[in-house]
Amino acid sequence: MPTSHWKRIVVKVGSALIAPHQQGCSSHYLLGIAQFIATCRAQGCQVVLVSSGSVAAGRHRFPETAEPSISLKKAMAAAGQADMMATWDKLFDFPSAQLLLTHGDLRDRDRYISIKNTIFTLLDNGLLPIINENDAVTAAKLRVGDNDNLSAMVAAAADADALIICSDVKGLYNKNPNLHDDATLIKQVSEINAEIYAMAGGATSSVGTGGMLTKIEAAEKAISHGIETMIVDGFDADTFNQLLKGQNPGTLFTPYDVPMQEHLHWMTHTSQVQGELIVENDFSADLEEHDTQLTSDDVVAVRGNFSVGDTVLVRKGDGTKLAKAKSNYSSCLLHFIADQEDREFANNAQQKTGPLISDKNIAILEQL
Ligand SMILES: Nc1ncnc2c1ncn2[C@@H]1O[C@H](COP(=O)(O)OP(=O)(O)O)[C@@H](O)[C@H]1O
Ligand SMILES: N[C@@H](CCC(=O)OP(=O)(O)O)C(=O)O
């Protein structure tokens, strides 16, 4: 689709483009991307930038190590983030704004809505939001872990028309082109299936995270929201001329004709399961039906520690996944109810709090 038809896009830039020589940031490859962003804005298209590179940019401030520890990487991110922002900022003649997020922010519905509002307020006032994961503070359980998936979550929150992932390769090849000379570029993907995932390997550079695998995960998230997704070569300045002409310089993932509803998409692709409610193998009720109320009598086991409002997975004992849903109970209360021999007490407690999960905050999963 010609760029002039886009109302809002997310551009994601990989670490190798920010700090190609790992001696701090370089604007060498960013210039073409910045010009592309400026042209899109001049054409009336709002742009959100998801920029990697804080770890790569901060690396030279620390003694050289082949495999930096997690705490060292966090320190590198803290050291490199400001440098990375300053490098972008000097390429634009409009103001930018920094947003540092963790998965903990995105998977909490209220914080997600607040992030969404901040992005829209920045865009409506002509600023360029520049987003990265808050690597320096995040813990393993709260991380997205890679900026490909983060950019897809941001694209969904921003209700973008397109997600452009700028990397160090032309696009998705049938196998890793850095390891196989005979790899061929796939120009268009209309369905992301096991065959596509099988082509995608990890990162081979010392600065990339996730490789092609996380880009396919991101594309899957984005296209199911109706967002056209492209993986393109950020090293090649001609990439951005082609994009502006409406051409496809890399791999295009075509969006679903019928996108998932916003809330269902968030439940499926952004919220994260904190625990499990295990039901009998012969459980067959329709969990989306308002009159079907999952009660503690239906649940044979509760797994994990979760609070009221956290997302839980409802599954059968045989492993069949039924739904992701918002829990109206904490795991602690469910264990307490299950431990009561007096069923009347359990029933009373349940009558007060209502069904275990809400029929309004549920994503029914394909039963595999
Ligand atoms: N099938 C594939 N096609 C293209 N690249 C692949 C494939 N499988 C693995 N890769 C690797 O993915 C890398 C790009 O991902 P990554 O290093 O994480 O870059 P970025 O920093 O842009 O996110 C490529 O350099 C390549 O080594
Ligand atoms: N948040 C990290 C980047 C993580 C990441 O996904 O990197 P990349 O694969 O280069 O997009 C950083 O700023 O260094």
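Helices here are DSSP runs (H or I) of at least four residues, numbered from the N terminus. With that settled, here is a tour of the two ligand sites and one pocket in this predicted model.

**The pocket**

Let's start with the second largest pocket, which has a volume of about 820 Å³. Its lining counts 26 residues, and E220, T268, H269, K324 and L365 sit nearest the centre. Which helix gives the most to this lining? That's helix 9, with 3 residues. Helix 9 covers 211-223, and it is one of several elements that each supply at least two lining residues; the others are helix 7 (147-157), helix 11 (262-269), strand 12 (321-327) and strand 13 (357-364). By class, the lining splits into 11 nonpolar, 8 polar and 7 charged residues.

Where does the pocket lie relative to the domains? Domain 1 (8-264) and domain 2 (272-364) both give residues to the lining, so the second largest pocket lies between them.

**Ligand 1**

Helix 9 turns up again here: it gives the most to the shell around ligand 1, with 3 residues. That shell holds 25 residues, and S167, D168, M199, T204 and K215 are the closest. Sorted by class, the shell has 8 nonpolar, 13 polar and 4 charged residues.

For polar contacts, the side chain of K215 has an N or O atom 2.6 Å from an oxygen atom of ligand 1. Polar backbone atoms join in too: one of S15 is 3.5 Å from a ligand 1 oxygen, and one of M212 is 3.5 Å from a ligand 1 oxygen. How much of ligand 1 does the protein bury? Taken alone, ligand 1 exposes 580 Å², and the protein buries 99% of that.

**Ligand 2**

Ligand 2 has 13 residues around it, with K12, S15, S52, D135 and T209 the closest. The class count for this shell is 1 nonpolar, 9 polar and 3 charged residues.

Some polar contacts to oxygen atoms of ligand 2 are set out below.

| Residue | Part of the residue | Distance to a ligand 2 oxygen |
|---|---|---|
| S54 | side-chain N or O atom | 2.8 Å |
| N147 | backbone N or O atom | 2.7 Å |
| T209 | polar backbone atom | 2.7 Å |

On its own, ligand 2 exposes 380 Å², of which the protein buries 94%. T209 is worth a second look in the viewer: this residue is among the closest to ligand 2, and its backbone provides one of the contacts in the table.

Notes: Residues are numbered from 1 along each chain as its sequence is written. Chains are lettered from A and ligands numbered from 1 in the order in which they are written. This is a predicted model: local features need pLDDT of at least 70, side-chain atom pairs count only at pLDDT 80 or more; totals for chains, interfaces and linings use all residues. Side-chain values use heavy atoms; hydrogens and water are left out. A residue is near a molecule or strand if one of its heavy atoms lies within 4 Å of it. A polar contact is a pair of N or O atoms within 3.5 Å; within protein, one must be able to donate a hydrogen and the other to accept it, and residues adjacent in sequence count only if both atoms are side-chain atoms. Accessible areas come from the Shrake-Rupley method with a 1.4 Å probe; for residues, only the protein chains shown count as cover. Ala, Val, Leu, Ile, Met, Phe, Trp, Tyr, Cys and Pro count as nonpolar, Asp, Glu, Lys and Arg as charged, and the others, Gly among them, as polar. On a 1 Å grid over the protein atoms alone, a cavity is a set of points where a 1.4 Å probe fits but cannot get out, and a pocket is an open set with protein on both sides within 12 Å along at least five of seven lines; lining residues have an atom within 4 Å of a point. Grid points are joined across faces, edges and corners, and a volume is the space filled by probe spheres set on the points. Domain bounds come from an automatic or database domain assignment.
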